[in-house]
Amino acid sequence: MMFIKEFGQIDINSIQEVGGKGASLGEMTRAGLPVPPGYCITAGAYRQFVSRAGLAELLAQFAEPSTMKNEDIALLAQEISQRILETPLPEELEQEIVQAFTQIIGHGSLAAVRSSATAEDLPEASFAGQQESYLNIPRSELLNHIKQCWASLWTERAIHYRINNGFDHRQVYLAVVVQQMVDSEVSGVAFSVNPMNAKENEMVIESVWGLGEGIVSGKVTPDHYVINKQNDPLIRYVIADKEKMAVRPLHGSGTLFAEVAADQRQRSSLIPKDILELTELIKRIEEHYQLPQDIEWAKTGNRYYILQARPITTLDKAPVQVDESIGESEFFNFDPELEWTNLGGVKERYNKPSSVLGWSILEPCDTEGGLYAYRSISKKELPSPLFAANIYGYLYLNFTSLKSLQPLKMLEPYAAVPDWQQFAPKRTWFQELTLTIGSIKAGNKLIKSLAKDFYAMLPGYLDKIDKYKKQPGAG
């Protein structure tokens, strides 16, 4: 088959042909790891389809993308996506794809259909927002979802991403991974190095009932286990109240969320034997790649499957210094000079413990936002670099910094505690007036300049992401 590559035919050196996600699945398959069977529809198939669909003229309009107006980009994106979805696949390509599904996935089986983007000048570009995945897809819906993956390369968000980072739209291609679905009873993520403190002798496992969409979507708080990699003892664990679970629908594709049985909600989704077996599997994957790995896994019956593995990209951040004598305090440094709060709407918005994955997104957003606001108002740096903290899984904000940043009126939502006045900042009316005026001016300035500043800062973040995406095994 010209455009089909089974996992066993590809490895980590196949990134240009099948993208980082596909190459990683092939690499693990060849290493004897338990990867569900599947195949990749190569980037060459996408190139042939684009040519047959007559998209060259439309793509040529991106020759000078920086001069295009947003409304022109929106119309062009819609036209390209519509053309992809409406154009039939070449007959020979359609036959290859369907034949591979029957032989590898199984005629009556379901598949996960995932995008795996690549570009000629990058091993695996981190094209934000276009890595689409479709679950529980039958053979009858396969061709449509493959075209949806291809069309996702031409969303407005993906186009703006490439414009802002200087990618040539005509040199960006998309492979598609088709992998047998695992109707998992338990699933989750694992980190072969503890991303909360960068300790190499610890790993973290998070799990939920049902399909992994429960964790990925953020709709289910997972059970959380921290394991010592040297001798495999369970250092600590938190069992969540798992109200929902992602399951395969009785009819149609995709997933739906169902209620978890009352006797399962607060029961550990992994027993000690499960944790031990999964720990050994995670260590095998890390040893193979010789890099810390972020892993998606699933379990059905008594067997584990690896659905994806990629390098962990957050370990260059200096870990928080902690007092090891305070038990679980390594989630947070209890600096006696700082006050912390989860009032003022924080508790209402984040009323459940954060998962490792959730915290890896939440913490930098809150910290960068706090630092930006403080610099805008005071023209100085925050007294402490810590603005957001994870205290036993819950988000807290640096109240010491908030008090120096905001006027009393803005602090009222945080004042719902007895004897509030003892925590209130001591300022003269003139200082309070000056701070109020400064906050209003800074707020207006922030609103007006947010888009400009965001795009100015974005390349630096993306460069750092690209550095990790270029490492072997990135997906």
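**Exercise 1. Determine how many helices and strands the chain has, and what share of its residues is buried.**

*Solution.* The secondary structure comprises 15 helices and 16 strands, where helices (H or I, at least four residues) and strands (E, at least two) are DSSP runs numbered from the N terminus. The model is predicted: local features need pLDDT of at least 70 and side-chain atom pairs count only at pLDDT 80 or more, whereas totals for chains, interfaces and linings use all residues. Residues are numbered from 1 along each chain as its sequence is written, and side-chain values use heavy atoms, with hydrogens and water left out.

Step 1. Apply the burial criterion: buried means under 20% relative accessible area, exposed over 50%, and partly exposed in between (1.4 Å probe, protein chains only). Of the 475 residues, 49% count as buried.

Step 2. Consider the contacts, defined by heavy atoms within 4.5 Å. Among contacts between residues at least 6 apart in sequence, 68% join residues at least 24 apart.

**Exercise 2. Describe the surroundings of strand E6 and identify which strands pair with E6.**

*Solution.* Step 1. Strand E6 covers residues 186–191, and 6 of its 6 residues are buried, so E6 is largely enclosed by the rest of the structure.

Step 2. Separate the two faces. In a regular strand the side chains alternate between the two faces of the sheet. One side of E6 carries Val-186, Gly-188 and Ala-190, and the other Ser-187, Val-189 and Phe-191; both faces are covered.

Step 3. Find the partners, given that two strands pair if DSSP finds at least two bridges between them. Strand E7 (residues 202–209) runs antiparallel to E6 and is joined to E6 by 6 bridges; there, Val-204 is the bridge partner of Phe-191. E12 also pairs with E6 in the antiparallel sense, over 6 bridges, and Trp-297 in E12 is the bridge partner of Gly-188.

**Exercise 3. Locate the salt bridges that involve residues of strand E12, and state whether their partners are buried or exposed.**

*Solution.* Step 1. Apply the criterion: a salt bridge is a side-chain nitrogen of Lys or Arg within 4 Å of a carboxyl oxygen of Asp or Glu. Side chains of opposite charge can pair when their charged atoms come close. A search of the whole structure finds 12 salt bridges.

Step 2. Asp-274 forms a salt bridge with Lys-299, with the closest N and O atoms 2.7 Å apart. Asp-274 belongs to helix H10 (residues 272–289) and Lys-299 to strand E12 (residues 293–300), so this pair ties together parts that are 25 residues apart in sequence. Asp-274 is buried at 7% relative accessibility, and Lys-299 is buried at 11%.

Step 3. Glu-296 and Arg-310 meet in a salt bridge at 3.3 Å, N to O. Glu-296 lies in E12 and Arg-310 in strand E13 (residues 303–311), so the pair links parts that are 14 residues apart in sequence. Both Glu-296 and Arg-310 are buried.

**Exercise 4. Characterise helix H2 and its salt bridge to helix H5.**

*Solution.* Step 1. H2 is mostly covered, with 7 of its 10 residues buried. Among them are Ala-43, Tyr-46 and Phe-49.

Step 2. The side chain of Arg-52 meets that of Glu-92 in a salt bridge (3.0 Å, N to O). Arg-52 lies in H2 (residues 43–52) and Glu-92 in H5 (residues 91–105), so the pair ties together parts that are 40 residues apart in sequence. Glu-92 is partly exposed, with a relative accessible area of 34%.

Step 3. Just after H2, Gly-54 takes a positive phi of about 65°.

**Exercise 5. Classify the packing of helices H4 and H6.**

*Solution.* Step 1. H4 (residues 70–86) and H6 (residues 139–151) pack at an angle of about 160°, with their axes 9 Å apart. Axes are lines fitted to C-alpha atoms, for helices over the stretch in contact, and angles run from 0 to 180 degrees between N-to-C directions.

Step 2. Angles under 35 degrees count as roughly parallel, over 145 as roughly antiparallel, 65 to 115 as roughly perpendicular and the rest as oblique. H4 and H6 are therefore roughly antiparallel to each other.

Step 3. Ser-81, Ile-84, Leu-85 and Glu-86 in H4 meet Lys-147, Gln-148, Trp-150 and Ala-151 in H6.

**Exercise 6. Give the strand order of the open sheet that contains E14, and identify its edges.**

*Solution.* Step 1. The order of the 3 strands is E14-E16-E15, with antiparallel pairing.

Step 2. E14 (340–341) and E15 (388–391) stand at the edges, each with a single partner strand, so one side of each is left without a neighbour in the sheet.

Step 3. E15 is joined to E16 (residues 394–398) by 4 bridges, and Ala-388 stands opposite Leu-397 in E16.
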